[in-house]
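Here is a friendly walk through one model, from its sheets to its helices and its ligand. Have the viewer open as you read.

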Amino acid sequence: MTLEFNTRVGDIPVYPAAATYAFEGELVKLASNETPWAPHPQVLEAIESALRSLNRYPDPAKSRLRQRISERTGVPTGRITVGNGSCEILLSAAETMLEPGAEIVYAWPSFSMYPHLAAMTGARAVTVPLDAEGRHDLEAMAREVTAATRILIVCNPNNPTATALPPAAIDAFVADLPRHVAVILDEAYVEFSTLQDPDDSLDLLERHPNLVLLRTFSKVYGLCGLRVGYALGSEDFRLALDRIRQPFSVNALAQAAAAEALGHQDEVERRVERTAVERMHVETALAERGLGTTDSQANFSWVSVGDRDEGEIVRGLAERGVIVREGTALGEAGYLRVTYGTREENDRFLAALDDLL
Ligand SMILES: Cc1ncc(COP(=O)(O)O)c(C=O)c1O
């Protein structure tokens, strides 16, 4: 007898996690859009003091963290949903809104989790190609919205192409969409965008009751190992997600760390500045080697390798201890996605690349 799974399981793609390679020596990990810096010392202290209460369940209401997010954003706590990474919020949103007959619209290539949402619920995924510069084509996306559309996702800045649109463009786009469509603006990398201040998107929430801003502590805050993200949307959105999820999905260490991290905006600014310096360094070096990139507004570059074999480059870099991602695994052949590390790590990447090309 073998186990029997429901028919949807077979339709769900396996998440293309970055491979880890057996390499003797220090690995340069530029494959998962992480930050290269350890958490702030006071965040580590907050985690250490939470350790002593691990015999207790975490706060299911995430009250302190939601209060801190509210103070930071001005959004009332009732409209703040905290999740086990922003991925949990995406998956739960799909569970609450999608079903056979419903539709979800998103651009492609975009974040690798999005195809899971339709596959796991039996809804129809409508994907819209990015424009020639790797940006969302909002007009084409609007044309795909029907009475059956329940969710439309805009990833801004977009993973994996790193491009972004200014909030004014998103504002006009959402204003023209029917109100029954939940527009999820995935802002995992928004702090790195030079096109806006992260707070600019908050104004959009006031104007569009169907808008959900999705944010994470995994990127600029450097806490991806703990899994915590949040959404700012309507109270209905939060209540629906809370009904479908287990009550204790965000662990106590994650809640304590995220609440503390929000108090260190000077550190966020420092990281954004250092990332911008590395972006310039890497992009300039790639251009000198004849490799084009899209206009990155994130902590990574989407690098065109032309007619070279991208798989060979990725394997060659891995043999030299540098891990990056192949475009094919992320939706488009002919590209590498390279996260910025420290200057030393970036220079190891560039040296390995020189060795190969
Ligand atoms: C666009 C985008 N959204 C969401 C996430 C997920 O982040 P989290 O760690 O909060 O689940 C990622 C992670 O890579 C991402 O690139």
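Seven strands make up an open sheet, ordered β2-β8-β7-β6-β5-β3-β4, with mixed pairing. Strands pair here if DSSP finds at least two bridges between them, and helices (H or I, at least four residues) and strands (E, at least two) are DSSP runs, numbered from the N terminus. The edges belong to β2 (80-83) and β4 (124-129); each has a single partner strand, so one side of each is left without a neighbour in the sheet. From one strand to the next, the twist averages 20°.

Before going on, please note that this is a predicted model: local features need pLDDT of at least 70, side-chain atom pairs count only at pLDDT 80 or more, and totals for chains, interfaces and linings use all residues. Residues are numbered from 1 along each chain as its sequence is written.

A second open sheet has three strands in the order β9-β12-β11, with antiparallel pairing. Here β9 (300-304) and β11 (325-326) are the edge strands, each with a single partner, so one side of each is left without a neighbour in the sheet.

The table sets out one strand pair from each sheet.

| Strand pair | Bridges | Direction | Opposite residues |
|---|---|---|---|
| β7 (residues 211-216) and β8 (residues 229-232) | four bridges | antiparallel | Arginine 215 and tyrosine 230 |
| β9 and β12 (residues 335-339) | five bridges | antiparallel | Serine 301 and valine 338 |

Now to the helices. Helix α2 lies across β2 and β8, running at about 130° to β2. Helix α2 (residues 63-73) also packs with helix α9 (residues 252-261) at an angle of about 20°, their axes 9 Å apart. Axes are lines fitted to C-alpha atoms, for helices over the stretch in contact, and angles run from 0 to 180 degrees between N-to-C directions. The two helices, α2 and α9, are therefore roughly parallel to each other (angles under 35 degrees count as such). Arg64, Leu65 and Arg68 in α2 meet Gln255, Ala258 and Ala259 in α9, where contact needs C-beta atoms, placed from the backbone, within 7 Å. The residues of this contact comprise three nonpolar, one polar and two charged. Ala, Val, Leu, Ile, Met, Phe, Trp, Tyr, Cys and Pro count as nonpolar, Asp, Glu, Lys and Arg as charged, and the others, Gly among them, as polar.

Finally, which residues are closest to the ligand? Gly85, Cys87, Thr216, Ser218 and Gly229 are the closest of the 13 that surround the ligand, counted when the C-beta atom, placed from the backbone, lies within 6 Å. Helix α3 (residues 85-97) gives the most to this shell, with three residues. By class, the shell divides into five nonpolar, seven polar and one charged.

Key:
Angles under 35 degrees count as roughly parallel, over 145 as roughly antiparallel, 65 to 115 as roughly perpendicular and the rest as oblique. Two residues are in contact if their C-beta atoms, placed from the backbone, lie within 7 Å.
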